Amino acid sequence: MDLVFRPRRLRRNGPIRGLVRETELAPRQLIYPIFVAEGNRVREEINTMPGQFRLSVDEVVRECEVLYEMGIGAVNLFGYSEEKDELATKSYDSSGLVQRCIREIKKKIPDLCVQTDVALDPYTTHGHDGLVIDGEIVNDETVGVLCKMALSHAEAGADWIAPSDMMDGRVGAIRDALDEQGLHHVGILAYSAKYASCFYGPFRGALKSAPKKGDKKTYQMDPANSREALREVSLDLDEGADVVMVKPALAYLDVIARVRSEFDAPVAAYNVSGEYAMVMAAAEKGWVDRDMAMMEMLHSIRRAGADMILTYFAKDAAKRLKSDYGSFS
Ligand code: PBG
């Protein structure tokens, strides 16, 4: 055949494919979510998320040392609280679980970027991210509590606060609260476009945080919308967000790409629990290759435009990347 262009020329072998590969994945771009539990030497596997654990503070610190050695970009802490009440009072206790955990990590590994989830659901009896008054998830009253929670994390040494609650105006309010206390250096990673997704199911199993009544559709976004995501991102940036996030990642790659092209701020994406659990379940059945699925998915999220990815695969992907950039060679 008389062809000028033969694209296959650039796919002839691993090194050639390596030269023209467009997207790089590195451990420094990965953020590992960790579930913190009370106790000592606790390492309890989460049955909805095989390979993930609820860890006591001492175990979290050990884990963080390994992650830091591996070059993982950051950890993101979630509290597994058994002490729940209507007003989420444990969420902002300066000697609470997450607050203690931050201090212990910072004592041992001061340079590891520690991020913390800010939302009330692990601490409320009803399982909503905000306060509930007369059956309604109230916005402004919730923001007051979120500010207290964020401050308690920042005072304990958190590098970035990550509000995942989707209340209106919380980024600006948290920024003000931090600045008033001189905590100008603490960043805000805003869950800006967080959808009301079924893919959080395994996570809610892990934290026993599923809402007792109703759903989260009055605050999390409608999966059918993408212009609204741009509006949410724009509001959060105006309020002072340092990094904006799209969540979940895989069913929303188009949203990641749009946010990337319309804004110049760093973009994060959350490869959530349901996305992890689907791969693990299919791999267990022998239907997909776990590592290949993991690498393909993480590359798709980077290709869509995310600078950093929260993922339960962080450690496994980092290991794989170290071995031989084995992903697609
Ligand atoms: C809590 C929160 C959730 C996730 C992160 N923060 C669950 C929810 O909003 O119901 C989900 C993470 C995951 O599924 O991996 N506000």
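Guide: Before we start, a word on classes: Ala, Val, Leu, Ile, Met, Phe, Trp, Tyr, Cys and Pro count as nonpolar, Asp, Glu, Lys and Arg as charged, and the others, Gly among them, as polar. This is a predicted model, where local features need pLDDT of at least 70, side-chain atom pairs count only at pLDDT 80 or more, and totals for chains, interfaces and linings use all residues. Residues are numbered from 1 along each chain as its sequence is written, and side-chain values use heavy atoms, with hydrogens and water left out.

Visitor: Thanks! How does the shell around the ligand divide by class?

Guide: Into eight nonpolar, three polar and seven charged residues.

Visitor: And which residues are the closest to the ligand?

Guide: Lys194, Arg204, Lys247, Ser273 and Tyr312 are the closest of the 18 that surround the ligand; a residue counts as near if one of its heavy atoms lies within 4 Å.

Visitor: Which side chains have a polar atom by a ligand nitrogen?

Guide: Taking a polar contact as a pair of N or O atoms within 3.5 Å, Ser164 has a polar side-chain atom 2.9 Å from a nitrogen atom of the ligand. For Asp121 the distance to a ligand nitrogen is 3.3 Å, and for an N or O atom in the side chain of Lys247 it is 3.4 Å.

Visitor: How much of the ligand's area does the protein bury?

Guide: The protein buries 100% of the 400 Å² that the ligand exposes when taken alone, with areas from the Shrake-Rupley method and a 1.4 Å probe.

Visitor: Back to Lys247: what is the peptide bond to Pro248, cis or trans?

Guide: The bond from Lys247 to Pro248 is cis, with omega near -10 degrees. Pro248 is in the loop between strand E10 (243–247) and helix H8 (253–262); these are DSSP runs numbered from the N terminus, helices being H or I with at least four residues and strands E with at least two.

Visitor: What about the phi of Arg41?

Guide: Arg41 is not a glycine, yet its phi is positive, about 55 degrees. Most residues other than glycine have a negative phi, and most peptide bonds are trans. Arg41 lies in the loop between E1 and E2.

Visitor: How do E1 and E2 run against E3, parallel or antiparallel?

Guide: E1 (residues 30–37) runs parallel to E3 (residues 53–56), joined by three bridges, and two strands pair if DSSP finds at least two bridges between them. E2 (residues 43–45) runs antiparallel to E3, also with three bridges. Ala37 stands opposite Ser56 in E3, while Arg43 stands opposite Leu55.

Notes: Polar contact = N/O pair within 3.5 Å; in protein donor to acceptor, adjacent residues only side chain to side chain.
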